[in-house]
Amino acid sequence: MRKIYLVPALVGLLTSVAAGPLAAQGAVPKQKTTPRAAAAGAAPAAAGAPAGATSTAAAETPAAAGEDKAIKAIDGFRSARFGMNEADVRAAMTKDFSAKPDTIKIQDNASELTRSLLLTAPELLPNGGTAELSYVFGYKSKSLIQVGAVWSKGTDTAMTAEKLFSNANILRAHFMGEGFKPDSIAVNMPVAGGIVMFRGSDAKDRSVILLLQGTFENKENNQRVLTPTSLLLFYVADAKSPDIFKLPPGQF
């Protein structure tokens with residue numbers, strides 16, 4: 001079972017890419033893109049790219065996204081809403097995925113003092129393979145603060161690098177058209193251990209983050225090549241100041 005130690009990592013991501021649309025660093029150009037990927041506004045790899053495919057990490061500035069429409073509100077994921085208690089989230093999981101009580105697992109995080117409900121979700125994304133969902137409840141509030149989805153070999157033994165690239169491109173293209181705050185949108189941003197395929201926030205700074213994780217190798221001409229191992233999608237109520245346990249100042 002996957003350990004849920006995700007909120008602090010998201011704080012780091014938001015800190016490193018906090019100031020508006022992002023410029024990529026250490027990017028690798030020269031990746032061929034499909035027409036769909038190009039229309040989406042830059043692609044680290046075309047859907048179906050082979051394992052170890054070169055990843056174009058050049059960030060775009062999708063200023064037009066969301067400028068002519070109301071800013072999308074990020075309230076949670078499907079029927080689960082931020083601020084719900086555990087009973088209400090369980091009811092939402094049952095509604096959304098026909099989840100039976102014995103398929104919902106409980107996981108406690110000993111360092112953050114948060115609690116999570118985990119659920120395996122086949123075909124969460126059509127033809128995307130099996131994912132694992134995590135619903136995280138805050139340390140003080142005991143209410144929903146984060147929903148995550150993970151695709152990897154650990155969630156689906158048939159998962160491939162090509163499928164991870166495809167899932168990432170499909171989700172990024174979807175979010176690009178959703179109408180997040182234009183100055184919060186970032187795409188194709190290299191970070192330690194992967195690429196932020198998409199990040200966007202709403203008017204209340206609730207965020208969606210799509211992270212393709214893997215290993216980078218330096219190939220000829222100093223091209224950095226990403227071999228993906230997992231795709232992580234997060235809906236976060238407050239990534240900058242999450243409701244997790246922290247030692248009070250001055251205790252140690």
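Leaving aside neighbours within four places in sequence, Tyr 235 is in contact with Ile 74, Gly 76, Phe 77, Phe 82, Ile 145, Gln 146, Val 147, Phe 175, Ser 207 and Val 208; contact here means heavy atoms within 4.5 Å. Please keep in mind that this is a predicted model, in which local features need pLDDT of at least 70 and side-chain atom pairs count only at pLDDT 80 or more, while totals for chains, interfaces and linings use all residues. Residues are numbered from 1 along each chain as its sequence is written, and side-chain values use heavy atoms, with hydrogens and water left out.

Let us step back to the overall plan. The protein has four helices and 10 strands, where helices (H or I, at least four residues) and strands (E, at least two) are DSSP runs numbered from the N terminus. Along the sequence they follow the pattern α-α-β-β-α-β-β-β-β-α-β-β-β-β. Of the 252 residues in the protein, 51% are buried; buried means under 20% relative accessible area, exposed means over 50%, and partly exposed lies in between, with a 1.4 Å probe and protein chains only. Among contacts with a separation of 6 or more, 60% are between residues 24 or more positions apart.

Now back to Tyr 235 and its surroundings. In soluble globular proteins, nonpolar side chains tend to be buried together. A nonpolar core is defined here as a set of buried Ala, Val, Leu, Ile, Met, Phe, Trp, Tyr and Cys residues joined through side-chain atoms within 4.5 Å. The largest such core has 42 residues, and the ones that touch the most other members are Tyr 135, Trp 151 and Tyr 235. At least two core residues come from each of α3 (86-97), β4 (114-121), β5 (131-137), β6 (144-152), α4 (161-176), β8 (194-201), β9 (207-218) and β10 (224-236). The biggest contribution, six residues, is made by α4. Apart from this core lies another one, of 10 residues, which include Met 189, Val 191, Val 196 and Ala 239.

How do the strands fit together? Two strands are said to pair if DSSP finds at least two bridges between them. A good place to start is β6: nine of its nine residues are buried, so this strand is largely enclosed by the rest of the structure. β6 runs antiparallel to β5, with six bridges joining the two, and Leu 133 has Ala 149 of β6 as its bridge partner. Six residues lie between the strands in the hairpin of β5 and β6, where Lys 142 takes a positive phi near 60°. β6 also pairs with β10 in the antiparallel sense, over seven bridges; here Gln 146 has Val 236 of β10 as its bridge partner.

From β10 we can carry on to β9. These two strands run antiparallel and are joined by 12 bridges, with Gln 213 opposite Ser 230 of β10. Their hairpin has five residues between the strands, and Asn 221 takes a positive phi near 60° there. β9 is also joined to β8, by seven bridges in an antiparallel arrangement, and Gln 213 of β9 is the bridge partner of Gly 194. The hairpin of β8 and β9 has five residues between the strands as well, with Asp 205 at a positive phi near 65°.

Most residues other than glycine have a negative phi, and most peptide bonds are trans. Glu 123, in the loop between β4 and β5, is not a glycine, yet has a positive phi of about 55°. At 45% relative accessibility, Glu 123 counts as partly exposed. Arg 78, in the loop between β1 and β2 (80-81), has a positive phi near 50°. With a relative accessibility of 41%, Arg 78 is partly exposed too.

Arg 78 also leads us to the largest pocket, whose volume is about 320 Å³. On a 1 Å grid over the protein atoms alone, a pocket is an open set of points with protein on both sides within 12 Å along at least five of seven lines, whereas a cavity is a set of points where a 1.4 Å probe fits but cannot get out; lining residues have an atom within 4 Å of a point. Grid points are joined across faces, edges and corners, and a volume is the space filled by probe spheres set on the points. The pocket has 19 lining residues, and those closest to its centre are Phe 77, Arg 78, His 174, Phe 175 and Tyr 235. Two or more lining residues come from each of β1 (76-77), α4 and β10, with α4 giving the most, three.
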